[in-house]
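Let's take a walk through this model together, going from one packed spot outwards to the helices, the charged pairs and the empty spaces. Keep the viewer open as you read.

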Amino acid sequence: IPGAREAELALQQRGVLCVPDIIASAGGVICAAVELRGGDEHQAFGAIEAKIRANTIELMTLIARGAEPREAADRMALARIEEAATYHRAF
């Protein structure tokens, strides 16, 4: 999105934390994964709460160590992609 990076930096300079969308808006993907495994609505909401909470805590830890929010979220995503690439799945 044009200007999004600048907007995030402007808010950060004012002391406003922006949780990047790949962290805050993951509920739909998490729900789909639960449903794919046969889970119900209650299980989906529980998984969404647990995973977004854990991801936000991880994000905040990285920010506390000096990373910018977007940089931290990108690092988290790349680490998970790299881990997933090591899996071998037979069909």
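Leaving aside residues up to four places away in sequence, Ala 73 touches Pro 20, Ile 22, Ile 23 and Leu 59. Please bear in mind that this is a predicted model. You will find Ala 73 in helix α5, which covers residues 69-84. Is Ala 73 buried or exposed? With a relative accessibility of 1%, Ala 73 counts as buried, because the cut-off for that label is under 20%. One of its contacts deserves a second look: Leu 59 is 14 residues away from Ala 73 in sequence, yet their C-alpha atoms are 6.4 Å apart in space.

Leu 59 takes us across to helix α4, where it is one of the buried residues. The others in that list are Ala 44, Ala 47, Ile 48, Ile 52, Asn 55 and Leu 62. An α-helix has 3.6 residues a turn, so residues three or four places apart point the same way. With that in mind, try colouring the buried residues of α4, which include Ala 44, Ala 47 and Ile 48. What covers them? The cover includes α2 (21-24), α3 (27-36) and α5.

Helix α4 itself runs over residues 41-64. Its 24 residues reach 34 Å from the first C-alpha to the last, close to the 34 Å expected at 1.5 Å a residue. Both ends offer something to inspect. At the start of α4, Asp 40 places a side-chain oxygen within 3.2 Å of the backbone nitrogen of His 42. After the helix comes Gly 66, with a positive phi near 110°.

Now for the charges. Side chains of opposite charge can pair when their charged atoms come close. How many salt bridges does the structure hold? There are 7 salt bridges. Within α4, the side chains of Glu 49 and Arg 53 form one of them, at 3.3 Å from N to O. These two residues are separated by about one helical turn, because they sit 4 residues apart in α4. Glu 49 is partly exposed, at 47% relative accessibility. Helix α5 has a pair of its own: Glu 71 bridges to Arg 75, with the closest N and O atoms 3.4 Å apart. Here too the partners are 4 residues apart in the helix, about one turn. Glu 71 is partly exposed at 40% relative accessibility, and Arg 75 is partly exposed at 41%.

Another salt bridge joins the side chains of Glu 58 and Arg 80, at 2.8 Å from N to O. This pair links distant parts of the chain, with Glu 58 in α4, Arg 80 in α5 and their positions 22 residues apart. Both partners are partly exposed: Glu 58 has a relative accessible area of 34%, and Arg 80 has 39%.

Arg 80 also leads to the largest pocket, where it is among the residues that lie nearest the centre, together with Val 29, Ile 30, Lys 51 and Asn 55. In total, 14 residues line this pocket, and α2, α3, α4 and α5 each give two or more residues to the lining. The pocket's volume is about 400 Å³. Asn 55 is a residue to highlight here, as it also appears among the buried residues of α4.

Finally, turn to helix α1, residues 4-13, which contains Glu 8. This residue belongs to a network of salt bridges that links Arg 5, Glu 8, Asp 21, Glu 68 and Arg 70. The side chain of Glu 8 makes a polar contact of 2.6 Å with that of Arg 70. Not counting residues up to four places away in sequence, Glu 8 touches Cys 18 and Arg 70. Is Glu 8 buried or exposed? Its relative accessible area is 17%, so it counts as buried under the 20% cut-off.

Around Glu 8 there is also an enclosed space to explore. A search of the whole structure finds 1 cavity of 30 Å³ or more, and the largest cavity has a volume of about 50 Å³. Which residues line it? The lining consists of Arg 5, Glu 8, Gln 12, Cys 18, Pro 69 and Arg 70. Both α1 and α5 give two or more residues to this lining, and the largest share, 3 residues, comes from α1.

Methods
Residues numbered from 1 in each chain as written. Predicted model: local features only at pLDDT ≥ 70, side-chain atom pairs only at ≥ 80, totals over all residues. Heavy atoms only, no water. Buried < 20%, exposed > 50% of the residue type's maximum accessible area, 1.4 Å probe, protein only. Polar contact = N/O pair within 3.5 Å; in protein donor to acceptor, adjacent residues only side chain to side chain. Contact = heavy atoms within 4.5 Å. Salt bridge = Lys/Arg side-chain N within 4 Å of Asp/Glu carboxyl O. Expected span 1.5 Å × (residues − 1). 1 Å grid on protein atoms, 1.4 Å probe; cavity = no way out; pocket = protein on both sides within 12 Å on 5 of 7 lines; lining within 4 Å. Points joined across faces, edges and corners; volume = space filled by probe spheres on them.
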